[in-house]
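Q: Please take a close look at one part of this model and describe its surroundings in a connected account.

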Amino acid sequence: MLSLKFNANQSRNYLNELIKKVQNLTPALHEIGQLMVASTDENFQKEQNPYGEKWEHLAPSTLKYKASRGFIMQILQRQGLLRSSIRYRIEKGRVEVGTPLPYGSYLQEGTKKMPKRQFLGVSQRNRREIIAILKGSLR
């Protein structure tokens with residue numbers, strides 16, 4: 001599974017005093033997972049990576065192929081399976097966001113013949129929101 005990991009244990013140095021007060025981060029991790037799934041969906045909608053950079057346009061041959069088959073004309077979408085497959089799971093004090101579809105990693109990282117079109121990632125805005133969620137869980 002291609003995944004994006006936010007590990008609460010790695011954040012312990014920055015949030016050490018706050019985390020000591022927490023007995024269970026699971027509700028906050030659910031909120032972070034929901035945030036990151038929504039953020040990833042926004043990347044698909046805007047056809048951009050998590051850092052606001054537009055994905056490379058589709059080749060004319062790809063546009064022609066998609067149109068002839070009645071596929072969705074947006075980048076990284078054919079029938080919407082990848083976009084709708086983005087999920088999160090909580091395991092061992094962390095939340096992982098990703099897709100179980102095996103081709104997701106090729107689209108995320110690119111190949112020799114296909115440009116990288118990153119859809120998973122944590123933006124600076126996401127980082128601020130994650131910190132706010134963690135702080136809010138301690139109130």
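A: Phe119 has a relative accessibility of 0% in this predicted model, and because the cut-off for burial is under 20%, Phe119 counts as buried. Its ring forms a pair with that of Phe44, which is likewise buried at 0% relative accessibility. The centres of the Phe44 and Phe119 rings lie 5.3 Å apart with the planes at 45°, so this pair is tilted. Phe44 belongs to helix H2, whereas Phe119 sits in the loop between H5 and helix H6 (124–136), so the pair ties together parts that are 75 residues apart in sequence.

The structure holds three aromatic pairs. One of them joins Phe44 to Trp55: the ring centres are 5.8 Å apart and the planes stand at 80°, so the pair is edge-to-face. This pair, too, links distant parts of the chain, with Phe44 in helix H2 (residues 26–46) and Trp55, eleven residues away, in the loop between H2 and helix H3 (60–69). Trp55 counts as buried, at 5% relative accessibility. Through such ring pairs, Phe44, Trp55 and Phe119 are linked into a cluster.

The backbone around Phe119 also has a polar partner, Gln108. Gln108 is found in helix H5 (residues 104–109) and is buried, with a relative accessible area of 5%. Gln108 and Phe119 are eleven residues apart in sequence, and their C-alpha atoms are 6.2 Å apart in space. A polar atom of the Gln108 side chain lies 2.9 Å from the backbone nitrogen of Phe119. The backbone oxygen of Leu120 is likewise 2.9 Å from a polar atom of the Gln108 side chain.

Notes:
Residues are numbered from 1 along each chain as its sequence is written. This is a predicted model: local features need pLDDT of at least 70, side-chain atom pairs count only at pLDDT 80 or more; totals for chains, interfaces and linings use all residues. Side-chain values use heavy atoms; hydrogens and water are left out. Helices (H or I, at least four residues) and strands (E, at least two) are DSSP runs, numbered from the N terminus. Buried means under 20% relative accessible area, exposed over 50%, partly exposed in between (1.4 Å probe, protein chains only). A polar contact is a pair of N or O atoms within 3.5 Å; within protein, one must be able to donate a hydrogen and the other to accept it, and residues adjacent in sequence count only if both atoms are side-chain atoms. Rings of Phe, Tyr and Trp (its six-membered ring) pair if their centres lie within 6.5 Å; planes under 30 degrees apart count as stacked, over 60 as edge-to-face and the rest as tilted.
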